[in-house]
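Hi,

Here is the structure I promised to pass on. Have a look at it first, and then read my notes below.

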Amino acid sequence: MHITLTGATGFVGERLLARLQADGHTLRLLARKAHAAIPTTIWDSSKAVPAEALVAADAVIHLAGEPIAQRWNEAAKARIRNSRVEGTRQIVDAIGRMDKKPAVLISASAIGYYGSRGDEVLTESSKPGDGFLPEICIEWEREAVRAEAMGVRVVLPRIGVVLGKGGGAMAKMLPPFKAGVGGTLGPGTQWMAWIHLDDLVGLLAFALDTPAIKGPMNATSPNPAQNTEFTRQLAKAIHRPALFPVPEFVLKLLFGEMASVVLGSQRVLPAAAEKAGYVFAHPHLADALELVVS
């Protein structure tokens with residue numbers, strides 16, 4: 001299969017790129033900088049996608065976007081919105097200009113769609129939440145779904161907290177825990193919808209090859225955990241105490257409005273993926289964390 005991929009230099013994208021190559025697919029990247037070994041079309045997400053990027057593409061996987069884990073101000077919010085909403089719009093507009101369109105567009109979204117929902121169990125059929133991230137996710141997904149009217153199957157992986165070596169959430173979590181100053185965040189009762197990097201890559205590859213998967217697909221483990229349990233399991237995995245809880249007001253001082261992501265509660269289940277037959281390699285938190293820290 002010929003696949004055009006954005007976000008290939010990111011934490012998830014690098015691992016997905018390796019998986020797609022191992023599976024024998026032919027890749028073209030859409031990126032700001034050229035890749036040393038793979039054909040790349042240079043692209044600024046605020047501008048039109050060059051036609052050459054999608055020629056002969058059987059599938060498009062769109063992962064690129066400004067990091068959400070930063071202190072939010074108006075400029076940062078604009079970058080986050082534009083990189084996701086405008087970037088996706090440009091890709092779908094380019095698909096619309098193609099004579100032969102790809103069979104599938106996999107356009108990354110996020111569990112931020114749901115907002116903070118306490119103990120409520122959330123599946124793909126749950127309504128969106130309120131606030132900045134839900135609004136971004138709604139717009140982001142709306143742009144991608146336009147491709148359905150063009151005859152393209154659209155998959156919207158709503159990605160949770162990604163656990164893997166060398167980046168993602170663990171790059172920020174591990175240093176304080178290894179120093180013995182880790183602890184619960186805020187009340188600790190908030191639910192964390194996590195997924196091991198291997199399973200996220202596996203789910204994306206599965207969605208690529210599974211016509212039954214359409215629309216939203218929660219890319220999370222079937223076993224979300226409350227922050228207190230996550231903290232306990234992480235401390236156990238690295239054989240360190242977790243004695244220093246971080247109060248809510250400190251998180252708000254450190255991160256401003258973005259603290260809502262850390263404090264938000266999202267008990268998300270991957271109903272669509274499991275219904276379609278995906279079997280998780282690392283469904284349990286303790287095992288996933290052991291793999292990450294080993």
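For what follows, a salt bridge is a side-chain nitrogen of Lys or Arg within 4 Å of a carboxyl oxygen of Asp or Glu. Keep in mind that this is a predicted model.

Let me start with the charged pairs. Side chains of opposite charge can pair when their charged atoms come close. Arg81 and Glu139 are one such pair, with their closest N and O atoms 2.6 Å apart. Arg81 sits in helix 2 (residues 74-96) and Glu139 in helix 3 (residues 132-145), so this salt bridge ties together parts of the chain that are 58 residues apart in sequence. Both ends are partly exposed: Arg81 has a relative accessible area of 27%, and Glu139 has 22%. There is also a network, in which salt bridges with shared partners join Glu86, Arg89, Asp93, Glu143 and Arg146.

By this rule, the count for the model is 17 salt bridges. Another of them links the side chains of Asp198 and Arg15, at 2.7 Å from N to O. Asp198 belongs to helix 5 and Arg15 to helix 1, so here the pair connects parts that are 183 residues apart in sequence. Asp198 is partly exposed, at 34% relative accessible area, and Arg15 is partly exposed at 34% as well. Then there is Arg19, whose side chain meets that of Asp23 in a salt bridge of 2.9 Å, N to O. Arg19 counts as partly exposed at 33%, and so does Asp23, at 41%.

Now for the inside. In soluble globular proteins, nonpolar side chains tend to be buried together. In this model the largest nonpolar core has 33 residues, and Leu5 and Ile61 have the most contacts inside it. The elements that give two or more residues to this core include strand 1 (2-6), helix 1 (11-22), strand 2 (26-31), strand 4 (59-62) and helix 5 (197-209). Helix 5 gives the most, with seven residues. A second, separate core has 18 residues, among them Met192, Ala288, Val292 and Val293.

Which residues does Leu5 touch, leaving out those up to four places away in sequence? The list is Gly13, Leu16, Leu17, Leu27, Arg28, Leu29, Leu30, Ile61 and Leu63.

Leu5 also leads into the strand pairing, as it stands opposite Leu29 in strand 2. Strand 1 and strand 2 run parallel and pair over five bridges. Between them the chain passes through helix 1, and this β-α-β crossover is right-handed. On to the next pairing: strand 2 and strand 3 (residues 40-42) are also parallel, joined by three bridges. Here Leu30 has Thr41 of strand 3 as its bridge partner.

One last residue to click on is Thr189, in the loop between helix 4 (168-178) and strand 10 (191-192). Is Thr189 buried or partly exposed? Thr189 is partly exposed, with a relative accessible area of 49%, because the partly exposed range runs from 20% to 50%. Leaving out residues up to four places away in sequence, Thr189 touches Gln226 and Ser265. As for Leu174, 15 residues from Thr189 along the chain, the C-alpha atoms of the two are separated by 20 Å.

Cheers

Notes. Residues are numbered from 1 along each chain as its sequence is written. This is a predicted model: local features need pLDDT of at least 70, side-chain atom pairs count only at pLDDT 80 or more; totals for chains, interfaces and linings use all residues. Side-chain values use heavy atoms; hydrogens and water are left out. A nonpolar core is a set of buried Ala, Val, Leu, Ile, Met, Phe, Trp, Tyr and Cys residues joined through side-chain atoms within 4.5 Å. Buried means under 20% relative accessible area, exposed over 50%, partly exposed in between (1.4 Å probe, protein chains only). Helices (H or I, at least four residues) and strands (E, at least two) are DSSP runs, numbered from the N terminus. Contact means heavy atoms within 4.5 Å. Two strands pair if DSSP finds at least two bridges between them. A crossover is right-handed if, with the strands pointing away from the viewer, the path from the first strand over the helix to the second runs clockwise.
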